[in-house]
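Thanks for coming. I will go through one structure today, starting with its open spaces and then moving to the packing and a few single residues.

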Amino acid sequence: MDAPAAAVSDGFMLSVDVEPDWGAPCAPGAPQAGLDEGLPWLLDALERHGARATFFVVGGLAEAFARLCPPGAAHEVGAHGLTHRRLSQLDAAELDAELCGARARLQAAGFRVEGFRAPFFDAPPDLGARLARAGYRYDASEGGLMPSAANRPHAPRAASRGEVVRLSGDALRVLRAPANLTWLRLLDPCGVALLPARPRHFLLHLHELVPAASGLSALPWPLRRLHARGAGPPARALVEDVLRRARDAGQDFVTGRELAASARAA
């Protein structure tokens, strides 16, 4: 059930990128600890807190995701590309195949797909128009992985002709670092205190919830040490803190679909 308009305007969006573990291949039979171990825990945590999330799922993982979070659940499902490749590195035909193929795969698994997030926030300049042609209604690709002015939050931007609604990320109170689980883990024990008093949007990856997800060992040593910090149980505790913080602030959990609909109705 969609949230009322008043709740949407001050709501909190929790978004989850569902992708191969730490860059592991998106291939049949490849280990996916984030899905197998992280997703069941997160679904239980969301239920305990009366929370909803928007999952941006790589199309190649559609069927595996649907087995654990079936269509018809309270959560929303959007697309995160078909294979999790960087969109700016693709030619026009490959790019359209990533957008259309991801949506088709997820819809074939039974999900209603309106939203999209570009892998690595790597969004080509014409992404909005391409998404509209592929049948999407909003794009949640604004923001970044590193501290940047791109993480500045804003109200959903209504679609112009031939475009889709654009949703922003959010930032911590220092350095314009993105409001996501990665940065909370890196800044722990101070990270949660650096969230805005009434955050708009928080992002996490399922494989962060697992201490030694597949693919982590294949990363270069500095990245491996960085991403291993606080993964697993400490990351789960941080997610619990974020959910409590939003609820204690009196915010309702809203989905990307609801935010986009509110912008179109304004």
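Which residues lie nearest the centre of the largest pocket? They are Glu19, Trp22, Phe120, Leu145 and His227, out of a lining of 29 residues. Before I go further, please keep in mind that this is a predicted model.

The largest pocket has a volume of about 700 Å³. Helix 6, strand 7 and helix 7, which is 221–228, each give at least two residues to its lining. Helix 6 provides the largest share of that lining, with four residues.

Next, the enclosed spaces. There are two cavities of 30 Å³ or more in the structure. The largest cavity has a volume of about 100 Å³. It is lined by 14 residues, and Phe121, Gly169, Asp170, Pro178 and Ala179 are the ones nearest its centre.

Phe121 comes up again for its backbone. It has a positive phi of about 60 degrees although it is not a glycine. It sits in the loop between strand 4, residues 115–116, and helix 5, residues 127–133. Is Phe121 buried or exposed? It is buried, because its relative accessible area is 17% and the cut-off for buried is under 20%.

Leucine 175 also has a positive phi of about 60 degrees, and it is not a glycine either. This leucine is in the loop between strand 6, residues 165–166, and helix 6. Leucine 175 is exposed, with a relative accessible area of 68%.

One more backbone item. Aspartate 188 and proline 189 are joined by a cis peptide bond, with omega at about 15 degrees. Proline 189 belongs to the loop between helix 6 and strand 7.

Now the packing. The largest nonpolar core contains 58 residues, and Leu42, Phe55, Phe65 and Phe202 have the most contacts inside it. Helix 2 gives the largest share of this core, seven residues. A second core, separate from that one, has 11 residues, among them Val8, Met13, Ala140 and Leu167.

Phenylalanine 202 is worth looking up on the display. Leaving out residues up to four places away in sequence, phenylalanine 202 touches Phe12, Met13, Leu14, Ser15, Ala179, Asn180, Leu181, Leu184, Leu195 and Val242.

Val242 in that list takes us to helix 8, where it is one of the buried residues. The others are Ala235, Leu238, Val239, Glu240, Leu243 and Ala246. What covers the buried residues of helix 8? The cover includes strand 1 (13–18), helix 2 (33–48), helix 6 (181–187) and strand 7 (201–205).

We can also check the length of helix 8. It has 16 residues, 233–248, so at 1.5 Å a residue it should span 22 Å. Its end C-alpha atoms are 22 Å apart, which agrees. After the helix comes glycine 250, which has a positive phi, near 80 degrees.

Histidine 49 is in contact with part of this region. It lies in the loop between helix 2 and strand 2, residues 54–57. At 16% relative accessibility, histidine 49 counts as buried. Setting aside residues up to four places away in sequence, histidine 49 touches Glu240, Leu243, Arg244, Arg247 and Phe253. Its C-alpha atom and that of alanine 246 are separated by 10.0 Å, although the two residues are 197 residues apart along the chain.

I will finish with two acidic residues, starting with aspartate 17, which is in strand 1. Aspartate 17 is buried, at a relative accessible area of 3%. Which side chain makes a polar contact with the side chain of aspartate 17? It is that of arginine 117, at 2.7 Å. Neighbours within four places in sequence aside, aspartate 17 is in contact with Phe56, His80, Arg117, Leu203, Leu204, His205 and Leu206.

The other is glutamate 98, in helix 4, residues 92–108. Glutamate 98 is buried, with a relative accessible area of 2%. Its side chain makes a polar contact of 3.5 Å with the side chain of arginine 85. Again without neighbours within four places in sequence, the residues in contact with glutamate 98 are Gly81, Leu82, Thr83, His84, Arg85, Leu87 and Leu90.

That is the end of my part.

Methods
Residues are numbered from 1 along each chain as its sequence is written. This is a predicted model: local features need pLDDT of at least 70, side-chain atom pairs count only at pLDDT 80 or more; totals for chains, interfaces and linings use all residues. Side-chain values use heavy atoms; hydrogens and water are left out. The expected span of a helix is 1.5 Å times one less than its number of residues. Buried means under 20% relative accessible area, exposed over 50%, partly exposed in between (1.4 Å probe, protein chains only). Contact means heavy atoms within 4.5 Å. A nonpolar core is a set of buried Ala, Val, Leu, Ile, Met, Phe, Trp, Tyr and Cys residues joined through side-chain atoms within 4.5 Å. A polar contact is a pair of N or O atoms within 3.5 Å; within protein, one must be able to donate a hydrogen and the other to accept it, and residues adjacent in sequence count only if both atoms are side-chain atoms. On a 1 Å grid over the protein atoms alone, a cavity is a set of points where a 1.4 Å probe fits but cannot get out, and a pocket is an open set with protein on both sides within 12 Å along at least five of seven lines; lining residues have an atom within 4 Å of a point. Grid points are joined across faces, edges and corners, and a volume is the space filled by probe spheres set on the points.
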